[in-house]
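Me: I should like to understand the reasoning behind several structural labels. Please set each value against the relevant criterion and then conclude.

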Amino acid sequence: MKLLILSNNLSRPSYRQRIGDFLPFFQENGVFSEVYQLPKERFRRWLLFKSARNYDAVLLHKKCLNFFDAKTLRRHAQKIIYDFDDAIMYSPKKPDSDRTSHFRLFKRTVQLADCVIAGNDYLAEHARRFCSNVHVLPTGLDTKPYLSDSVKRQDHKIRLVWIGSRSTLKYLQEICPILEQASKEDVCLCLRVIADDFPTLHYLKLEKHMWELDTQATDLLGCDIGLAPLPDNRFTRGKCGFKILQYFAAGLPVIASPVGVNAELIEKSCAGFVANTPQQWQEAIENLARHPERREQMSQKAKQFIRQYDTPVLANEFLRIIKTQMGE
């Protein structure tokens, strides 16, 4: 069985987490994939879409199509499977508006698909407005890099940690005053940021770790408490909680804003706290920082909970959906 995979950006973490990591498993089970990044030139896209007739199905990752591209791909593809894991129907700058190009492009793309795979229930409900064949497949991760016990602590610091990118650093910056206040109450606290940009702090010690695919797991394993702040709007409610899953894989209890799947992950795992107000954030940090036995209990729960999100587990379900659409 032949599968044509199309994505707008093959270096995007979303592609790696939801598609790239599954490809060896697909091949082992009889689904042979060819992957292409969508060209910017209209004629090259037309040639690529025309080649879809040579495959049993097309897996389109996250990209929403304009009228010309949608019409061309639909004409030549036998089956179209659309996968997405963000609230791409909303503009991050205008999340309360349905009258943006984001919404129009999302609607068109979902309508042309034979099957949609959404990263969580919130996203699936949006897709079901325009397609009746919608499946939920959470974003997962390979837990093997997080199984090492080789990280040695050189001090008695309690390390809060945030992992992310320059585009989402603003979410961390919103709680930085709270973290600084907490550090005045507990001098053992420090903050590790694993990213491509870093906040400015005045009182709280900051450890800057540049994000690297090969070192992110080790950087997390050297920490104690994961932080997952988010503002609450229609765009952020679509987030799939990957940051929290990484913390859980590293055995870290988590403090998270009760937005989107964040609250669900914390509630089902019993491996952390949700915090909405500055006082709640302060209390949660103090609770975990001052009670190592509580951190250890939550750490064990986190490690147990994350097993259901491991790549091999999700790969089986993804493969089942794809083979069903391809007619096996």
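Reply: The model is a predicted one. A suitable starting point is Asn120, which lies in the loop between β5 (115-118) and α6 (121-127).

Me: Why is Asn120 called buried?

Reply: Its relative accessibility is 4%. The term buried applies under 20%, so Asn120 counts as buried.

Me: What makes the approach of the side chain of Asn120 to the backbone oxygen of Gly238 a polar contact?

Reply: The side chain of Asn120 reaches that oxygen of Gly238 at 3.1 Å, and the criterion is a pair of N or O atoms within 3.5 Å, one able to donate a hydrogen and the other to accept it. The backbone oxygen of Lys239 lies 3.3 Å from a polar atom of the Asn120 side chain, which is likewise within 3.5 Å.

Me: Which residues does Asn120 touch, not counting residues up to four places away in sequence?

Reply: Asn120 touches Val136, Gly238, Lys239, Cys240 and Val261. Contact here requires heavy atoms within 4.5 Å.

Me: Why is strand β3 described as largely enclosed by the rest of the structure?

Reply: Of the 5 residues of β3 (residues 57-61), 5 are buried, so the strand is largely enclosed. In a regular strand the side chains alternate between the two faces of the sheet. Both faces of β3 are covered, with Ala57, Leu59 and His61 buried on one side and Val58 and Leu60 buried on the other.

Me: How do you know that β3 pairs with β1 and with β4?

Reply: Pairing requires at least two bridges. Strand β1 (residues 2-7) and β3 have 5 bridges in the parallel sense, and Leu3 stands opposite Ala57. On β4 (residues 80-84), 4 bridges join the strand to β3, again in the parallel sense, and Asp83 is the bridge partner of His61. Both pairs therefore satisfy the criterion.

Me: What makes β2 and β6 edge strands of the open sheet?

Reply: The sheet has 6 strands in the order β2-β1-β3-β4-β5-β6, with parallel pairing. The strands β2 (32-37) and β6 (134-136) each pair on one side only. For β2, 6 bridges join the strand to β1, where Leu3 stands opposite Ser33.

Me: Which helix belongs to the right-handed β-α-β unit with β3 and β4, and which helix lies across β1, β3, β4, β5 and β6?

Reply: Helix α4 (residues 67-76) makes the right-handed unit with β3 and β4. Helix α14 (residues 311-325) lies across the five named strands, running at about 170° to β5.

Terms used: Residues are numbered from 1 along each chain as its sequence is written. This is a predicted model: local features need pLDDT of at least 70, side-chain atom pairs count only at pLDDT 80 or more; totals for chains, interfaces and linings use all residues. Side-chain values use heavy atoms; hydrogens and water are left out. Helices (H or I, at least four residues) and strands (E, at least two) are DSSP runs, numbered from the N terminus. Buried means under 20% relative accessible area, exposed over 50%, partly exposed in between (1.4 Å probe, protein chains only). A crossover is right-handed if, with the strands pointing away from the viewer, the path from the first strand over the helix to the second runs clockwise. Axes are lines fitted to C-alpha atoms, for helices over the stretch in contact, and angles run from 0 to 180 degrees between N-to-C directions.
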